[in-house]
Amino acid sequence: MIIQDNNKNIRYNDVHKNDIDFLKNYYALNGKFPLFKHVLIETRTDCNNRCPFCPQSHYNKEVGIMSWDCYTAIISQLCDIDFNGRVALMLSNEPLLEERLIKMISYAKSASQRFFLDITTNGKLLTTKLLDDLFKAGLDNININDYRSDRDKNDILSPNIEDVYSHYGDNPKVTIKKRRTDEVLPNYAGIIKQEFDSSVYGFCNYPFRKMTIAYTGDILLCCDDFSYKTNFGNIMHDKLIDCWNNAQLNHIRKALLDNQRIGICANCNDIQDYKVF
């Protein structure tokens, strides 16, 4: 059970007041919301860990692989709109399970040097040689979460991550975090059963800054939609920009701007305590 501090929510909404005002004014002037800053691409599903705080342990998702045509269509459309933000080649999966990862990184980087390519991994499959190859292909950043169940007894890095650290410890493109397997994280729009007071939660910036693409090419509400309950178009027959400006998606956004969570947002207790816009 998560116990929330109601005062934290007050502080949270105060932090985002400028974001909310900016977004409302932007929409009033332009008839649409600003372009996304991040793109998350689920090139495949599944993970080689089953951490209790992750939806992988709470929802049986079948293994799915994004087609190459779908992937190249995404990259092509991002180039068409001159996107220059972050492109994460992962969603709620382990990206190092993707056998085409180096090819995908190389393809995206050759298509546009303006993409900032990154991944977040549990590092179980990572070696120094693999990281060399990932950076050579064009990866810009990697976040390594070294999950261990013995953090209280041995606050050390796993052996393969220790080797990576010995070669990349001073490189700003590599972030290594010592993580615990007993952490409690948000509930992924209700996938992970947690008790919480929904009235505490209002605005969320995810649908305003993240373009989330499932392995099928479907456009999802955000990275918390682990079970694909939302769909605002498909990259194979819809323009990315049209999906982003989808009327149903804007309906959810406008509710969030009024501190109301509707649809799958009503079951979600995810928040972020920093300004974005």
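Contact here means heavy atoms within 4.5 Å. The structure is a predicted model, where local features need pLDDT of at least 70, side-chain atom pairs count only at pLDDT 80 or more, and totals for chains, interfaces and linings use all residues. Residues are numbered from 1 along each chain as its sequence is written, and side-chain values use heavy atoms, with hydrogens and water left out.

**Glutamine 77 and serine 76 in H3**

With that cut-off in hand, take glutamine 77. If you set aside its neighbours within four places in sequence, glutamine 77 is in contact with Ile235, Asp238, Lys239 and Leu240. Glutamine 77 sits in helix H3, residues 68-80; helices (H or I, at least four residues) and strands (E, at least two) are DSSP runs, numbered from the N terminus. With a relative accessible area of 13%, glutamine 77 is buried. The burial classes go like this: buried is under 20% relative accessible area, exposed is over 50%, and partly exposed is in between, using a 1.4 Å probe and protein chains only.

Serine 76 belongs to H3 too, but serine 76 is partly exposed, at a relative accessible area of 37%. Serine 76 and serine 112 are 36 residues apart along the chain, and their C-alpha atoms are separated by 9.4 Å.

**H5 meets H6**

On to a helix pair. The axes of helix H5 (residues 128-137) and helix H6 (residues 159-168) come within 9 Å and cross at roughly 50°. That crossing makes H5 oblique to H6. On this scale, angles under 35 degrees are roughly parallel, over 145 roughly antiparallel, 65 to 115 roughly perpendicular, and the rest oblique. The axes themselves are lines fitted to C-alpha atoms, for helices over the stretch in contact, and angles run from 0 to 180 degrees between N-to-C directions.

Which residues make the contact? On the H5 side they are Thr128, Leu131, Asp132 and Phe135, and on the H6 side Asp163, Val164, His167 and Tyr168. Sorted by class, that gives four nonpolar, two polar and two charged residues. For the classes, Ala, Val, Leu, Ile, Met, Phe, Trp, Tyr, Cys and Pro count as nonpolar, Asp, Glu, Lys and Arg as charged, and the others, Gly among them, as polar.

H6 has a buried side: Ile161, Val164 and Tyr168 are buried. These residues cover an arc of only 55° around the axis, so they lie on the same side of H6. The arc is that of the directions from the helix axis to the C-beta atoms. The buried residues of H6 pack against H5, strand S4 (141-148) and strand S5 (174-180). Turned away from that buried side is a face with the exposed residues Pro159, Ser166 and His167.

**H9 and its surroundings**

Helix H9 (residues 247-257) has the buried residues Leu249, Asn250, Ile252, Arg253, Ala255, Leu256 and Leu257. Their cover includes helix H2 (17-30), helix H7 (206-209) and helix H8 (240-244).

Is arginine 253 buried or exposed? At 0% relative accessibility, arginine 253 counts as buried. Not counting residues up to four places away in sequence, arginine 253 touches Phe33, Pro207, Phe208 and Trp244. The side chains of arginine 253 and asparagine 250 are joined by a polar contact of 2.7 Å. A polar contact is a pair of N or O atoms within 3.5 Å; within protein, one must be able to donate a hydrogen and the other to accept it, and residues adjacent in sequence count only if both atoms are side-chain atoms. Arginine 253 and tyrosine 206 are 47 residues apart along the chain, with 9.5 Å between their C-alpha atoms.

At the N-terminal end of H9, asparagine 246 acts as a cap, with a side-chain oxygen 2.7 Å from the backbone nitrogen of glutamine 248. Just after H9, asparagine 259 takes a positive phi of about 60°.

**Loop and tail residues**

Aspartate 46 also has a positive phi in a residue other than glycine, near 90°. Here are a few residues outside the helices.

| Residue | Place | Relative accessible area |
|---|---|---|
| Aspartate 46 | loop between strand S1 (38-41) and H3 | 22%, partly exposed |
| Valine 200 | loop between S5 and H7 | 6%, buried |
| Asparagine 259 | segment after H9 | 35%, partly exposed |

Valine 200 and isoleucine 65 are 135 residues apart in sequence and, C-alpha to C-alpha, 37 Å apart in space.
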